[in-house]
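Could you walk me through this structure, one piece at a time? I work at the bench and would like a plain tour.

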Amino acid sequence: MEAAGLERLLVPMQQLVSWGAAGAMVFGGVVPYIPQYRDIRRTQNAEGFSTYVCLVLLVANILRILFWFGRRFESPLLWQSIIMIITMLLMLKLCTEVRVSNELNIKRRSFADFDLNYFWHWSKFTDYVQCVLTFTGVTGYITYLWLDSSLFVETLGFLAVFTEAMLGVPQLYRNYQNRSTEGMSVKMVLMWTSGDTFKTLYFILNQAPFQFSICGLLQVFVDLAILLQAYLYSYYPQKPVSHTTHPASTKAL
């Protein structure tokens, strides 16, 4: 009797924990960007944040959604991608507005110019939306044509999670160029690290496609490297590396 009662008590608790884990997967990925978003709004300065982080996450999550059509995985991971795409578009909108408002007498650039020198450094948010829609349309059409190929589907899944694993690389490189992490939210990176660790464990425990687990571990290592930069540049300040200045000095790399 006691064993049966304990079992009846554990079942709803396990269900509650499962729902909590799923909710953390869906919304946990966007939490690290809240302090960075607030910092940019407060300071009206987006120089410390690399908008290429947004590019990486947009590409990764679009590819992950397309991967879902070829190989169904857990719905929380699908919803996580949808929420992340919306969040990255909001971050791009804010960064673009702040950057343009701080630029005076600089020629406006657009996606329609097809100028690779100014790729992902356009003057209007709508240009970024056009780029994202174009990428989604092209990759979606290719996926539709090759959906029956297991090799293509598995490769698509690997590209999705590997691209996401490279999320921190633009920020890592930007910090290295500046020899500083000024303007970067350390809280954001700490949340990246904790979130990526939780996510990787979730992948392993729920037996997600192997690509997810391998690239999740890689992502954690990149996060730790950025935290190491924050420590070193804070306690051992260094001179910035001299490099050729881009025509638009505010370009985020």
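**A tour of the chain**

Let's begin with how the chain folds back on itself: among contacts with a separation of 6 or more, 79% are between residues 24 or more positions apart. Keep in mind that this is a predicted model. The chain has 9 helices and 0 strands, so the order of elements from the N terminus reads α-α-α-α-α-α-α-α-α, taking helices and strands as DSSP runs. Of its 253 residues, 43% count as buried. On the outside, the chain exposes about 14400 Å², and carbon and sulfur atoms supply 67% of that area.

For an example of a link across the sequence, find Pro35 in helix α2. Pro35 counts as buried because its relative accessibility is 15%, and the cut-off for buried is under 20%. Who are its neighbours? Leaving aside residues up to four places away in sequence, Pro35 touches Ser185, Lys187, Met188 and Met191. Take Met188 from that list: its C-alpha atom is separated from that of Pro35 by 6.5 Å, although the two residues are 153 residues apart along the chain.

Next, move along to helix α6, residues 150–165. Helix α6 has 16 residues and reaches 22 Å from its first C-alpha to its last, which is close to the 22 Å expected at 1.5 Å a residue. Which of its residues are buried? They are Val153, Leu156, Gly157, Ala160, Val161, Thr163, Glu164 and Ala165. The cover over these buried residues includes α3, α5, α8 (186–205) and α9 (210–235).

Helix α7 (residues 169–178) comes after that, and here the buried residues are Pro170, Gln171, Arg174, Asn175 and Gln177. Why do they end up on the same side of α7? Because they cover an arc of only 160 degrees around the axis. It helps to recall that an α-helix has 3.6 residues a turn, so residues three or four places apart point the same way. As for what lies over the buried residues of α7, the cover includes α3 and α9. Just past the helix, α7 is followed by Arg179, whose phi is positive, near 50 degrees.

Two other residues deserve a look for their backbone angles. Gln44 has a positive phi of about 55 degrees although it is not a glycine. You'll find Gln44 in the loop between α2 (33–43) and α3 (52–70). Is Gln44 buried or exposed? Gln44 is partly exposed, since its relative accessible area is 40%, and partly exposed covers values between the 20% and 50% limits. Phe114 also isn't a glycine, and its phi is positive at about 55 degrees. Phe114 sits in the loop between α4 (75–102) and α5 (125–146). With a relative accessible area of 66%, Phe114 is exposed, because exposed means over 50%.

Finally, turn to the surface. Which residues make the nonpolar surface patch of about 700 Å²? Val138, Tyr141, Ile142, Tyr144, Leu145 and Trp146 do. To place that patch on the model, start from Trp146, which is in helix α5.

Technical notes:
Residues numbered from 1 in each chain as written. Predicted model: local features only at pLDDT ≥ 70, side-chain atom pairs only at ≥ 80, totals over all residues. Heavy atoms only, no water. Helix = DSSP H or I, 4+ residues; strand = E, 2+ residues; numbered from the N terminus. Buried < 20%, exposed > 50% of the residue type's maximum accessible area, 1.4 Å probe, protein only. Expected span 1.5 Å × (residues − 1). Contact = heavy atoms within 4.5 Å. Arc of directions from axis to C-beta. Patch = residues over 30% accessible without salt bridge, like charges linked within 9 Å, V, L, I, M, F, W, Y side chains within 5 Å. Areas by Shrake-Rupley, 256 points an atom, 1.4 Å probe, with all protein chains shown as cover. Salt bridge = Lys/Arg side-chain N within 4 Å of Asp/Glu carboxyl O.
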